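Hello,

Here is the structure I said I would pass on. My notes on what was found in it follow below.

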Amino acid sequence: MNGGRLQEFAEEVCKTQTQAQLELLLNEKDNTGCSPLHYASRDGHIRSLENLIRLGACINLKNNNNESPLHFAARYGRYNTVKQLLDSEKGSFIINESDGEGLTPLHIASQQGHTRVVQLLLNRGALLHRDHNGRNPSQLAAMSGYTETIELLHSVHSHLLDQIDKDGNTALHLATMENKPHAISVLLSMGCKLLYNHMDMSAIDYAIYYKYPQAALAMVTHEERANEVMALKSDKHPCVTLALIASMPKVFEAVQDKCITKANCKKDSKSFYVSMCKIYKQMHVQTKLCFLHYVAENKKKINKNIIVRQCRPLNTLHHFA
């Protein structure tokens, strides 16, 4: 099959058997349910593919996982193979078929980050079905961290951005659960909503829960959306600031570095201070008191000469020397 000498093989078979018997042979499955066309599609053997189809191989045969040759081609990023299958007589009938998990070729190509294949499938009219978990192609691309694929799908179907799966998870939730910081940054820059799922958990809740510093950093230091993320509240984490201090202090240090304003003097000066206005704006009074208590208890770890200045209307100057 790899050599593409199917024509010679077919001529030899036809000398002793009928065309119907030849087609049975071409469509015979192995113990995984795969036909020769599955393997030709997986490995991108275009000449073998052409000959198999011409000689009578069925392009919509499914294996034991309910996968067609098009699913294989999409999974392995075989652009020319996908095109060849779609150009065949029954191509329009297989483009939206799903496998055993409810995944269409568009789902699989998106999940694997094969942007050219995704573009081809979209151009040929692939529909935006959901898989058995209620997830769209963009959510699968986010889970895998393929930012180019996310951007392509968003440019064509922007409504996918905030769609939720069966558990109420958005693409942002899923990217966070899989610790994909680049995907998180892209989704935030696209303007995704900071929603809560059916468990009343936001994306930052999962970053803190799983202790994913990269995912958390992508959210709490985002150029445009950091303040929104820090202001989120849930039963799991009523205050993002305190949750970061408790679970990922290094991440909180990065928030400080991004949000604070430092005095224009040397750090060893008694006049040196750090103004944390943006952080304080996001805290309730009780949370502020807890935070100040934490600073007081851990002043040696933070900085011996830090002065924390609260924003108006809280004008008190707190000095921890």
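To begin with one group of charged residues: K83, D87 and R124 are joined to one another in a network of salt bridges. Please keep in mind that this is a predicted model.

Salt bridges

In total, the structure contains 7 salt bridges. Besides the network of K83, D87 and R124, three pairs are worth looking up.

The first to look up is K62 with E97, where the closest N and O atoms are 3.5 Å apart. This salt bridge links distant parts of the chain, as its two residues are 35 residues apart. K62 sits in the loop between α4 (46-55) and α5 (69-75), while E97 sits in the loop between α7 (91-94) and α8 (105-111). Is K62 buried or exposed? K62 has a relative accessible area of 18%, and buried means under 20%, so K62 counts as buried. Its partner E97 is partly exposed, at 23% relative accessibility.

Another pair is R225 and E228, which form a salt bridge with their closest N and O atoms 2.6 Å apart. R225 is buried, with a relative accessible area of 9%, whereas E228 is partly exposed at 39%.

The remaining pair on my list is R42 and D43, whose side chains meet in a salt bridge of 3.0 Å from N to O. Here R42 is partly exposed, at 27% relative accessibility, and D43 is also partly exposed, at 29%.

Annotated repeats

An unreviewed UniProt entry places the feature "repeat: ANK" at residues 32-64, 65-87, 101-133 and 167-191. I have figures for two of these spans. Residues 65-87 are 70% helix and 0% strand, and the C-alpha atoms at the ends of that span lie 24 Å apart. For residues 101-133 the content is 48% helix and 0% strand, with the end C-alpha atoms 8 Å apart.

A pair of packed helices

Two packed helices are described by the angle between their axes and the distance between the axes. Helix α9 (residues 115-123) packs against helix α11 (residues 147-156) at an angle of about 20 degrees, and their axes are 9 Å apart. Angles under 35 degrees count as roughly parallel, so this is how α9 runs relative to α11. The crossing of α9 past α11 is right-handed. On the α9 side, the contact is made by T115, V118, Q119 and L122. On the α11 side, E148, T149, L152, L153 and V156 make the contact.

Backbone angles in two loops

Most residues other than glycine have a negative phi. Which phi does D200 have? D200 is not a glycine, yet its phi is positive, at about 60 degrees. D200 lies in the loop between α13 (181-189) and α14 (203-209), and is partly exposed, with a relative accessible area of 33%.

K211 is not a glycine either, and has a positive phi of about 55 degrees. K211 is found in the loop between α14 and α15 (213-220). Its relative accessibility is 53%, and exposed means over 50%, so K211 counts as exposed.

Regards

How values were computed
Residues are numbered from 1 along each chain as its sequence is written. This is a predicted model: local features need pLDDT of at least 70, side-chain atom pairs count only at pLDDT 80 or more; totals for chains, interfaces and linings use all residues. Side-chain values use heavy atoms; hydrogens and water are left out. A salt bridge is a side-chain nitrogen of Lys or Arg within 4 Å of a carboxyl oxygen of Asp or Glu. Buried means under 20% relative accessible area, exposed over 50%, partly exposed in between (1.4 Å probe, protein chains only). Helices (H or I, at least four residues) and strands (E, at least two) are DSSP runs, numbered from the N terminus. UniProt positions are given in the numbering used here, feature names are shortened, and annotations may be inferred rather than shown by experiment. Axes are lines fitted to C-alpha atoms, for helices over the stretch in contact, and angles run from 0 to 180 degrees between N-to-C directions. Angles under 35 degrees count as roughly parallel, over 145 as roughly antiparallel, 65 to 115 as roughly perpendicular and the rest as oblique. A crossing is left-handed if the near helix is turned anticlockwise from the far one by less than a right angle, and right-handed if clockwise. Contact means heavy atoms within 4.5 Å.
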